[in-house]
Amino acid sequence: MTSIHQIAHRTVLAASAALVATAATTSVFASPLADTWPTKAVRIVVGFPGGSSPDLTARTFSEPLSKILGQPVIVENKVGAGGNIGAAEVARATDHHTIGLMINGNMTIAKILNPATAYDPLKDLAPLTLIGVSPLVLTAPLAQPGVAKDADAKTFFAAAKQAGDKWSYGTPGVGTIGHLGTELLKTRSGIAPVHVPYSGYPQVATAMMGGQLQMALLPPALAMAQAQAGKLRLIGVTSSGRSALAPGVPSLAEAGVTNFDLQIWNAFAAPYAMPEAIRTKLAGILVEIARMPEVRQKLFQQGWQTVGTSPEGLANRVKKDTEELSKLIKEQKISNQ
């Protein structure tokens, strides 16, 4: 089976390419079209609820982007279908003032999972920049039947195996990395929880606290906050080793889960209908913002290791992830039906 190990670690070279991106766009800025843009407020469409990780990232960029552009930047939440409703909104925008903050699935395998998806990620979305990468954290309720409160990860997995399909796990939707990653985790660990999709990660966490779910892969910032508040327990991070984004949390490899390495990412994209000169200008500005120390700090607090690539770097990531996630979907017979 295809491993997500390759999917998770392709940003180092792309990040280096980003160093060239801003300089490369200087001549484009001089074009009349780029010089006069924007002429009105810019929209950042987010396919997830307010307070979600993509929403927080978009709002982190909105203020500095507004200052640089000299126009208001409005974050608009279009929730549903694992972020694909928002992505479709971006794909069909023709006003040249709409961009989107996307997660992995919105820019890769959305159409593969559901041919009826209202846009084609590879044809309708123009990559701008990869913003951040992060592992997920396997998280569980504090109180679970058959699992002691002080149980370690190996004990947790033993209980999960015994429970079989009586346990369920939550994600922000079919085809998200939380979904595909947990399906891969099932093959690597021998557990068999049933998938339950929600509108966003905060809703997944709430469902776990209420006892409706027995486990979920959550972004580090959300997982750590709930654990520190004494509301959820942390089982392990999905990266091959421990992560600075989840201090003190063991990797799942330490619990005996082998050949498993997973990251999520978020990125800015524009409609292909947006003129290339404007897209290039925007990409350069977004990379510039991503390198601001205060922005990097905020993103880290939100659970992201900042990257900031050129459009080409993101396009390469999208292409490779699409190819490898497609294999995983086929092998695991994953469907949105």
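These legends walk through three close-up views of a predicted model. Local features need pLDDT of at least 70 and side-chain atom pairs count only at pLDDT 80 or more, while totals for chains, interfaces and linings use all residues. Residues are numbered from 1 along each chain as its sequence is written, and side-chain values use heavy atoms, with hydrogens and water left out.

**View 1. F61 meets F268 edge-to-face.** Rings of Phe, Tyr and Trp (its six-membered ring) pair if their centres lie within 6.5 Å; planes under 30 degrees apart are stacked, over 60 edge-to-face, and the rest tilted. That gives 3 aromatic pairs. Here the centres sit 5.1 Å apart, with 70 degrees between the planes. F61 comes from helix α5 and F268 from strand β10, 207 residues apart; helices (H or I, at least four residues) and strands (E, at least two) are DSSP runs, numbered from the N terminus. Both rings belong to buried residues, meaning under 20% relative accessible area (1.4 Å probe, protein chains only).

**View 2. F156 and W167 make a tilted pair.** Their ring centres are 5.3 Å apart and the planes lie at 45 degrees, so tilted is the label. F156, in helix α10, has 0% relative accessibility and is buried; W167, in the loop between α10 and β6, is buried too, at 8%. Add F157 and you have one aromatic cluster.

**View 3. Q214 sits in the loop between α12 and β8.** Q214 is buried at 16%. Its contacts (heavy atoms within 4.5 Å) include F156, K166, W167 and S168, not counting residues up to four places away in sequence. The Q214 side chain reaches the backbone nitrogen of S168 at 2.7 Å.

Definitions and conventions. Buried < 20%, exposed > 50% of the residue type's maximum accessible area, 1.4 Å probe, protein only. Polar contact = N/O pair within 3.5 Å; in protein donor to acceptor, adjacent residues only side chain to side chain.
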